[in-house]
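Visitor: Could you walk me through this model and tell me the reasoning behind each label?
Guide: Gladly, let us look at it together.

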Amino acid sequence: MGTDPYADDLTGRIDAAIAEVYRTESLSRAESHGAMRALGAFGAPAVDRVLELYRGSTTGPHEHARLLNGLGTSAVDAQAAARRAVARACPHRYVDRLHGHLETNEIDVVAEIHDPRIASLLITRLNDPDPYTRCRAATVLVGRVEGNGHDDRHTRELAERAVLDKLDDESLAVRAVAAYAVARRSRADGIIAYQQILRPTEPETLAFVDVQHRIAALRRGEGLPRRSDPQLRRPRRTP
């Protein structure tokens, strides 16, 4: 069978755009965003190519390997940037390619893309055995409740209820995200929620200290910072 010159040319241009995303990962925000927009402009074929390369189902050009090796631990961020670029540009195609299952390393990639299926996929990860995954899923769901992803009202309400159900999670970091969901609606209820998630035998971890700071901030009438989970950050892995 002969090759398709047009398809080969398109793949080559997409690969060049992916390489530019990798190259600009450590440069200015404007350059990085420009490279991501250029990659996303290829649409569905870029979604397919980026995911094929990331999942290892096809061999990428040597230039990709060279750039990623040169980035060291930042290579993970560069690959995530490429996935975010195509997910934002062509969200429905991207979610189709997830085949109904959201891996942990995809949670932040799809955090703000507009597709009604994302909230449901995130809710399924709230029961994951891994507390890091539960915390990331809860955090992203709260962001979507606050407007990220442009979900409709019904979907946002479902997401909020799912997060609030984690107030009794075994992980304090996950419970803290749920308490934040309470506090964003009511300062008084937020103070109570944060106090109740601190169990008598709770060790003084970073999550414990963070919750105490948030209780103090609410009592002073200050606004809470956006929900974060530094105590659960995982070490970066090279591809």
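Guide: Let us begin with the outside: the accessible surface of the protein chain is about 12,600 Å², and 51% of that surface belongs to carbon and sulfur atoms. Accessible areas here come from the Shrake-Rupley method with a 1.4 Å probe, and for residues only the protein chains shown count as cover. This is a predicted model, in which local features need pLDDT of at least 70 and side-chain atom pairs count only at pLDDT 80 or more, while totals for chains, interfaces and linings use all residues. Residues are numbered from 1 along each chain as its sequence is written, and side-chain values use heavy atoms, with hydrogens and water left out.

Visitor: What makes up the secondary structure of the protein chain?
Guide: There are 12 helices and zero strands. Both are DSSP runs numbered from the N terminus, with helices (H or I) needing at least four residues and strands (E) at least two. Read from the N terminus, the elements run α-α-α-α-α-α-α-α-α-α-α-α. The C-alpha trace spans about 70 × 40 × 35 Å along its principal axes.

Visitor: Why is arginine 144 called buried?
Guide: Buried means under 20% relative accessible area, exposed means over 50%, and partly exposed is in between (1.4 Å probe, protein chains only). Arginine 144 has 0% relative accessibility, so it counts as buried. This arginine lies in helix 8, residues 131-145. In the protein chain, 46% of the 239 residues count as buried.

Visitor: Which backbone oxygen lies 3.0 Å from a polar atom of the side chain of arginine 144?
Guide: That oxygen belongs to isoleucine 113. A polar contact is a pair of N or O atoms within 3.5 Å; within protein, one must be able to donate a hydrogen and the other to accept it, and residues adjacent in sequence count only if both atoms are side-chain atoms. Contact in general means heavy atoms within 4.5 Å. Leaving aside neighbours within four places in sequence, arginine 144 is in contact with several residues, among them Glu112, Asp115, Asp151 and Arg156.

Visitor: Why is tyrosine 132 buried?
Guide: Tyrosine 132 has a relative accessible area of 17%, under the 20% limit, so the label is buried. Tyrosine 132 is also found in helix 8. Its C-alpha atom is separated by 18 Å from that of aspartate 77, 55 residues apart along the chain.

Visitor: Why is isoleucine 123 partly exposed?
Guide: Its relative accessible area is 27%, in between 20% and 50%, so isoleucine 123 is partly exposed. Isoleucine 123 lies in helix 7, residues 117-124. Apart from neighbours within four places in sequence, its contacts are Leu141, Leu158, Ala159 and Ala162.

Visitor: Why does glutamate 20 count as partly exposed?
Guide: At 31% relative accessibility, glutamate 20 also sits in between the two limits, so it counts as partly exposed. Glutamate 20 is found in helix 1, residues 5-24. The C-alpha atoms of glutamate 20 and methionine 36 are separated by 8.3 Å, with their positions 16 residues apart along the chain.

Visitor: Why is histidine 99 called exposed?
Guide: Histidine 99 has a relative accessible area of 64%, over 50%, and is therefore exposed. Its place is in the loop between helix 6 (91-98) and helix 7. Although histidine 99 is not a glycine, it has a positive phi of about 55°.

Visitor: And why does histidine 150 count as exposed?
Guide: Its relative accessibility is 62%, over 50%, so histidine 150 counts as exposed. Histidine 150 is found in the loop between helix 8 and helix 9 (153-164). Its phi is near 55°, a positive value in a residue other than glycine.

Visitor: Which residues touch the most other members in the largest nonpolar core?
Guide: They are Leu39, Tyr94, Val110, Leu122, Tyr194 and Val211, in a core of 72 residues. The largest share of this core, 11 residues, comes from helix 10 (residues 172-183). A nonpolar core is a set of buried Ala, Val, Leu, Ile, Met, Phe, Trp, Tyr and Cys residues joined through side-chain atoms within 4.5 Å. Not counting residues up to four places away in sequence, leucine 39 touches residues including Ile14, Val50 and Val86.
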